[in-house]
Amino acid sequence: MKACLLALVLVTEAWAGTPSDTRQQQLIHLLKHDCGSCHGLTLQGGLGPALLAEAIADKADAFLLTTILNGRKGTAMPPWRDFISPAEAQWLVSYLRHHQN
Amino acid sequence: MMFSRFLLLSTLLIVSVIGHAELRATGDLGLVIERERGTALIINSSQKTILKRIEGLGDLSHASVVFSRDQRYAYVFGRDGGLSKIDLLLDKIEKRIIQAGNSIGGAISQDGRLIAVSNYSPGGIKIFSSDTLALVADIPAIYGDEQQSKVVGLVDAPGQRFVFSLFDAGEIWLVDVNNLQQPLIQKFKEVGSQPYDALLSPDGRYYIAGLFGESGLALLDLWQPELGVTRILSDYGKQDEKLPVYKMPHLEGWAVADDLMFVPAVGQHEVLVINKRNWQLLKRIPVLGQPVFVMARPDGRQIWVNFAFPDNQHLQVIDVKDLTLMKSLTPGKAVLHMEFTPRGEDIWVSVRDEDRVIVYDTERFTEKARIEAEKPSGIFFSARAHKLGL
């Protein structure tokens, strides 16, 4: 069952188009430094909230994904859709889910 | 006899040579923050050399620095709430404390005896002895219904005061710390939505906070605080579509040159020129991205501007004589910060993703030196020790 679930996850990610290794490195760099200017280099929060695994545990993927792509009006969170594709945003969200300090 | 005299002489020589080598002045020293390593480089801005790397400063992703008035010590404020006192003569951390969970900046008092730190969480300021780093006062930023606000834009002001803004509350607080047992707090409410940073005019008279949640700036005249906070430029850019802001502008280096003030627009790719006599907008100068730092050369003749992602590989220079762009430079990927030498012949520029600091000649715009640094961000020279609001 577990293996099956894992396979399913892998398939979904492949379907969404997992970013290439180089692109993943770029996304991590972006997360650390450019998202980090508001969320902190270690993602523990700053002007924006903490993005560590436990901080976003009870928030749905779709919600976080939309926040990243479209930003949030009336707050300092800008839309990133011109620089990050939906598949890349999905990859970032799963990366964040596994990111502890 | 002859021999012993020779011995004595050479011993004296050696002693004087060693003694001499140990002497170091600190007026032209500074720190370059290496944000990812959590280290800082002590540099000499005359020789353009690195003297020492100081390790173990914690999370420096939003670090800033102030200097003791004798220019011997640098106080580094880290994102993780760390406050470190670095001895620039002995190349070491003299003392380091973790004073909050999440912090953003700090200031040194007029008399040099107090260090104030502004914190995001728990939101407020804490005040320490600059000598021992012992806590001497704690001022939580409580507003409304027992909520606690992030604090930004903390500066020192004449009269042994500190001024800061409450991001979530939209308030400005003026704190008189002449009596540490009982700091006098004056609160200005409803100054505008989401003040995100502030500056003090170089003469120490005006405290000006930039607003993120609405157009304009909040202005407090410290010579007559009883007049309250007034709003300036509130109509500016109202009808224009706001462009996304990928990095908050910083207002520490807001440039006040001549009777003009130069500030970054928020959500517009423009530098705004404000006439300080009447606080009216004089000109909007289009630039190539969202400005982050807008800094005047010490003589006020030039304004240097860097930019937010995705235009952060560039720098632009405005000629104050006729308020036009005079130069564009491309130092490399992720230009984060700039610092002028005290009289402005050079500017040091940190280029994060190229792992270097570039020193430019500000008259000729030529490169004078490159200094290797790992993911450099803020650059702070000890000349700040004698400037109000820095």
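This is a short chat about the contact between two chains and the largest pocket in a predicted model.

Colleague: Before we start, what kind of model is this?
Modeller: It's a predicted model, where local features need pLDDT of at least 70 and side-chain atom pairs count only at pLDDT 80 or more, while totals for chains, interfaces and linings use all residues. Residues are numbered from 1 along each chain as its sequence is written, chains are lettered from A in the order written, and side-chain values use heavy atoms, leaving out hydrogens and water.

Colleague: OK, how many residues does each chain put into the contact?
Modeller: Chain B gives 22 and chain A gives 21, with contact meaning heavy atoms within 4.5 Å.

Colleague: And how many salt bridges are there between chain B and chain A?
Modeller: Two, counting a side-chain nitrogen of Lys or Arg within 4 Å of a carboxyl oxygen of Asp or Glu. A:Asp34 pairs with B:Arg352, closest N and O atoms 3.9 Å apart.

Colleague: What sort of residues does chain B use on that side?
Modeller: Nine nonpolar, four polar and nine charged. Here Ala, Val, Leu, Ile, Met, Phe, Trp, Tyr, Cys and Pro are nonpolar, Asp, Glu, Lys and Arg are charged, and the others, Gly among them, are polar.

Colleague: Switching topic: which residues are closest to the centre of the largest pocket?
Modeller: A:His39, A:Gly48, A:Pro49, A:Thr67 and A:Met77, out of 36 lining residues. On a 1 Å grid over the protein atoms alone, a pocket is an open set of points where a 1.4 Å probe fits, with protein on both sides within 12 Å along at least five of seven lines; lining residues have an atom within 4 Å of a point.

Colleague: And what's that lining made of?
Modeller: 25 nonpolar, five polar and six charged residues.
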